[in-house]
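Have a look at the chain below before reading on. The notes that follow go through an annotated domain, a sheet and the nonpolar cores.

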Amino acid sequence: MPDSPQITYAAAGVDVEAGDKAVELMKESVRRATRPEVIGGLGGFAGLFDASAIARFAHPVLATSTDGVGTKVAIAQAMDVHNTIGFDLVGMVVDDIVVCGAEPLFMTDYIATGKVVPERIAAIVQGIAAACEQANVALVGGETAEHPGLLEPSEYDVAGAATGAVERADLLTPDLVQAGDVVLGVPSSGLHSNGFSLVRRVIADAGWELDRDVPDFGHTLGEELLIPTRVYAADLLRLIHALPVHALSHVTGGGLAANLARVLPTGLTAVVDRSSWTPPAVFSVIERLGNVPQPDIERTLNQGVGFAVVLPEATVDDALAMLAGWGLPSWVMGTVRPDTEVDGGAAEIVTGAKGASSGGAQLIGAHAK
């Protein structure tokens, strides 16, 4: 059909030149998120990492994790602020690797968008790179895909994957946990990036706009919701190298009890006292605004606890001092007990989260006001 108009890739909605410009804008950020083991730079078909870095291990074990940030991206898009969502992505990925005692080594990212706006893509990657730099993780590659017709021009989603390594003898496994161990709470920076489907539904039903000033927060609703996830990897690695930590639990989807139970062995239950801490205001505001039942909010949001650390009682004071010195003012929130010494009638005992054959966790008491 010689008279038919020509259809180009650009006419179909994909701008290759915009993608190239985005790469140019992000180069400096990515260059800072590196390690000595990285080989080459941007532009290759694969990221290269010198595996001899783990040759010092007697029995190296690789650890890997992948994740995204859920519907928190909708808040970033609505506010047109894109340089913090990368911290949420990196935190969700690399901090899962630390749970088994592994050091995250390198990461790749994936951004899908309806239309490549170079400055927006570069801002997203800037956040990812800054978080990787903070965690001492190399950002060795990534992909930006333009999906016209599938996503609106202003929409995007992000995902990432990371790989780490640990000496087999140093793996943190549930069998290390013992009755009498103490559970420390390590503070979150806010909502992190879990439960935003609930949060967005609550604020939508309440008719709250993101530019609403909320006295409980001291800033706008949008600013509170967009506070980036704290990245714990570097500090927690320092802790487990300094002290005999028995378990770590990253408090993400499923809440505190479910994630804590996952790192305990069968026959033991962590009993956590809510009165040992007061969740930040955002949690009580969401609970009150949406009349969200306490069990539901505790299964959905982190309630101010980003990580739980399980360790022998004799090391508690040293651990608290170290964490405080790194800007993580933590606290004792519970103990590990044999199931036979736990009052099952006092509160629900959570077990079997994520399909794991594990111990249990029980939340008792009420939060301090």
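## The annotated domain

UniProt, in an unreviewed entry, puts the feature "domain: PurM-like C-terminal" at residues 178–341. In this predicted model, the C-alpha atoms at the two ends of residues 178–341 sit 14 Å apart. Helix makes up 36% of that span and strand 21%.

## A four-stranded sheet

Now for the sheet: four strands build it, in the order 3-6-4-5, and it is open, with mixed pairing. Strand 3 (60–68) and strand 5 (138–146) are the edge strands, each with a partner on one side only. Going from one strand to the next, the twist averages 15°.

Strand 3 runs antiparallel to strand 6 (residues 156–167), and nine bridges link the pair. If you want a spot to zoom in on, try Thr64, which stands opposite Thr163 in strand 6. Helix 3 (residues 85–98) packs on this sheet, where it touches strand 3, strand 4 (103–113) and strand 6. The direction of helix 3 makes about 145° with that of strand 3.

## The nonpolar cores

The largest nonpolar core has 100 residues. Which of them touch the most other members? They are Val94, Met107, Leu225, Leu248, Leu260, Val309 and Met333. Apart from that core lies another, made of six residues, including Phe49, Ala53, Ile54 and Ala165.

Leu225 is worth clicking on. Setting aside neighbours within four places in sequence, Leu225 is in contact with Lys72, Ile75, Leu191, Phe196, Val199, Ile203 and Leu210.

Conventions
Residues numbered from 1 in each chain as written. Predicted model: local features only at pLDDT ≥ 70, side-chain atom pairs only at ≥ 80, totals over all residues. Heavy atoms only, no water. Pairing = 2+ DSSP bridges. Axes fitted to C-alpha atoms, helices over the stretch in contact; angles between N-to-C directions. Contact = heavy atoms within 4.5 Å. Core = buried A, V, L, I, M, F, W, Y, C linked by side-chain atoms within 4.5 Å. Buried < 20%, exposed > 50% of the residue type's maximum accessible area, 1.4 Å probe, protein only. UniProt positions renumbered as here; feature names shortened; annotations may be inferred.
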